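Student: I would like to look closely at one part of this chain and then see how that part fits with the rest. Could you take me through it slowly?

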Amino acid sequence: MGFLIRLAITAVALWITTLIVPGVDVSGRTGANTVLTLVVVALIFGVVNAVLKPVIKVIGCLFYLLTLGLFALVVNALLFLLTDWIAHVLRLPFQVDGFWAAFWGAIVMAVVTWLISVVVPDRLEGR
């Protein structure tokens with residue numbers, strides 16, 4: 001159940017990101033197609049972050065220390081671009097127009113995901 005909640009939170013955060021950040025777009029033909037695209041891209045984004053981010057943190061540990069963590073912003077933007085590339089390979093109507101759109105998109109995604117996660121619990125307590 002927690003996985004589905006996290007997926008829904010990421011999909012909503014991605015949708016809000018497409019509304020706020022110019023250059024991050026989902027262009028589904030119908031509303032249902034757009035929602036399905038957002039869910040699939042959120043799943044791709046989650047897998048990319050779960051698999052690659054820990055590896056990058058270990059390998060780039062020195063850069064994280066030298067930049068006082070600012071290197072994480074670049075890494076998040078590159079992971080967002082990788083998500084765009086994978087979505088393009090899968091022929092999903094999701095597009096990120098360059099590094100700066102990915103940079104700001106990753107920041108907005110992180111903030112919105114955090115805000116929604118504060119309000120919505122990751123799992124139902126007491127069950």
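Student: How many residues does helix 4 have, and how far does helix 4 reach from its first C-alpha to its last?

Tutor: Before the answer, a word on the source: this is a predicted model, in which local features need pLDDT of at least 70 and side-chain atom pairs count only at pLDDT 80 or more, while totals for chains, interfaces and linings use all residues. Residues are numbered from 1 along each chain as its sequence is written, and side-chain values use heavy atoms, with hydrogens and water left out.

Helix 4, residues 71–89, has 19 residues and reaches 27 Å from its first C-alpha to its last, which is close to the 27 Å expected at 1.5 Å a residue (the expected span being 1.5 Å times one less than the number of residues). Helices here are DSSP runs of H or I with at least four residues, strands are runs of E with at least two, and both are numbered from the N terminus. After helix 4 comes arginine 91, whose phi is positive, near 60°.

Turning to the side that is covered, the buried residues of helix 4 are Val75, Asn76, Ala77, Leu79, Phe80, Thr83, Asp84 and Ala87, where buried means under 20% relative accessible area, exposed over 50% and partly exposed in between, with a 1.4 Å probe and protein chains only. These buried residues pack against helix 1 (2–20), strand 1 (24–26), helix 2 (31–59), helix 3 (61–66), strand 2 (94–96) and helix 5 (99–119), a contact being heavy atoms within 4.5 Å.

One of these partners can be followed to a single residue: asparagine 49 is found in helix 2, and, leaving aside neighbours within four places in sequence, asparagine 49 is in contact with Pro54 and Leu79. Asparagine 49 counts as buried because its relative accessibility is 18%.

Helix 5 offers a second view, since its 21 residues should span 30 Å at 1.5 Å a residue and its end C-alpha atoms are 30 Å apart, which agrees. Its buried residues include Ala101, Phe103, Met109 and Ile116, and what covers the buried residues of helix 5 includes helix 1, strand 1, helix 2, helix 4 and strand 2.

Stepping back to the chain, there are five helices and two strands, and buried residues make up 35% of its 127 residues. Among contacts with a separation of 6 or more, 74% are between residues 24 or more positions apart.
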